Amino acid sequence: MPEYRVEIRLEGPIATPLHSGTLFGHLCWALRNDSEDALEAWLRRLEESPFLISDAFPCGWLPAPLLAPTRRARPATLQQMEEAKKLRKASWLRVEDFLEIRGALSRPVLEKRLAAGKPPSPEIVRTARNTINRLTGTTPESGGLFFVDEMWPANGECREIWVSTAESAEWLAARFQEIGTLGYGADAGIGRGRFTVRVGPAPAALFQAPGNRCMSLSHGSLTANMGEPRYRIHTHFGKLGSMYATGGDPFKYPLVLLRPGATFRPENGGPFGALLRPVHRHRPEICHNAWHLVVPFTEVNE
């Protein structure tokens, strides 16, 4: 299937992380706005032709792949210890750096590129919220206060989403622009999550290359065809959207997913991960896209 680069330019604050499964859910609602039959037909096609989508990353950057640890000399000074700690926490790699080193990747080689810089960070604003009991749908009489971080990007700040699909660039542009016009995620009704869209072909070099391992660009599930995995986990607490968000039970089952940057040895040609069902106790038709969009690379031992 062809791969696409979806560039979005944020026009204001955004309250919900731009994760692959949530982006997929918004695309489903964009189709549902046409008709329920259109959505159901599309979901049936995905069983034979999976829709693979990444998280939204800062333009020009990819998650740093998780590699095998290597022995290293003990830092001799406090400054060296601090630098080593920063490198362990570094999570972003330039696309051009990945393309240059993907043929022989090891932890020392990766760390040299991670030290070169990091993407610009948007302003994070913390807002107060209250807990809702999932059984009663009410807030507690005391306690329950928690805080949510919202991303306040600079005007026109760019994010890019990678997609592999049988759909056309025009189809992607129309659906993503509908999301950007209506608003993505929480508090869309008060202006959160607005963006503009531009879609073009992905560079072939990013996805079409040999390698003994793959790196995921998505929040996805772990399946048997993902050998020797290295990953960090994320617990996803999903909720129903649009007309199903109010009344009844909007809460989905919690899902344990692998974060982008997870790596594994491919046991076959994929797809990797799964389209998960059921994810809601009363609506078995609802699914969660936990497929991985992957890029291949070769890991070497040093």
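**Cysteines and the packing of helix 2**

Cys 158 is buried, with a relative accessible area of 13%, which falls under the 20% cut-off for burial. In this predicted model, Cys 158 is joined through a disulfide to Cys 59, with an S to S distance of 1.6 Å, and a search of the whole structure finds 1 such bond. The torsion about the S-S bond of Cys 59 and Cys 158 is about -55°, and the disulfide is therefore left-handed. Because Cys 59 lies in the loop between strand 2 (52-58) and strand 3 (61-63), while Cys 158 belongs to strand 7 (residues 158-164), the pair ties together parts that are 99 residues apart in sequence. Unlike Cys 158, which is buried, Cys 59 counts as partly exposed, its relative accessibility being 24%.

Cys 28, by contrast, takes part in no disulfide, and the nearest cysteine sulfur, that of Cys 287, is 5.7 Å away, whereas a disulfide requires two sulfur atoms within 2.5 Å. Cys 28 nevertheless counts as buried, at 12% relative accessibility, and Cys 214 is likewise buried, at 7%.

Cys 28 also belongs to the contact between helix 1 and helix 2, in which Phe 24, Cys 28, Leu 31 and Arg 32 of helix 1 meet Glu 36, Ala 38, Leu 39, Trp 42, Leu 43 and Leu 46 of helix 2. By class, this contact of helix 1 with helix 2 comprises 8 nonpolar and 2 charged residues, with no polar residue. The axes of helix 1 (residues 20-32) and helix 2 (residues 36-46) come within 7 Å and cross at roughly 135°. The two helices, helix 1 and helix 2, are therefore oblique to each other, since angles count as roughly antiparallel when over 145 degrees and as roughly perpendicular from 65 to 115.

Within helix 2, the buried residues are Leu 39, Trp 42, Leu 43 and Leu 46. Viewed down the axis of helix 2, these buried residues fall within an arc of 100°, so they line one face of the helix. An α-helix has 3.6 residues a turn, so residues three or four places apart point the same way. On the other side of helix 2, Asp 37 and Arg 44 are exposed. The cover over the buried residues of helix 2 includes helix 1, together with helix 6 (169-182) and strand 15 (288-292). Leu 39, Trp 42, Leu 43 and Leu 46 thus appear both among the buried residues of helix 2 and among the residues of helix 2 that meet helix 1.

Conventions. Residues numbered from 1 in each chain as written. Predicted model: local features only at pLDDT ≥ 70, side-chain atom pairs only at ≥ 80, totals over all residues. Heavy atoms only, no water. Axes fitted to C-alpha atoms, helices over the stretch in contact; angles between N-to-C directions. Helix = DSSP H or I, 4+ residues; strand = E, 2+ residues; numbered from the N terminus. Parallel < 35°, antiparallel > 145°, perpendicular 65-115°, else oblique. Contact = heavy atoms within 4.5 Å. Nonpolar A, V, L, I, M, F, W, Y, C, P; charged D, E, K, R; others polar. Buried < 20%, exposed > 50% of the residue type's maximum accessible area, 1.4 Å probe, protein only. Arc of directions from axis to C-beta.
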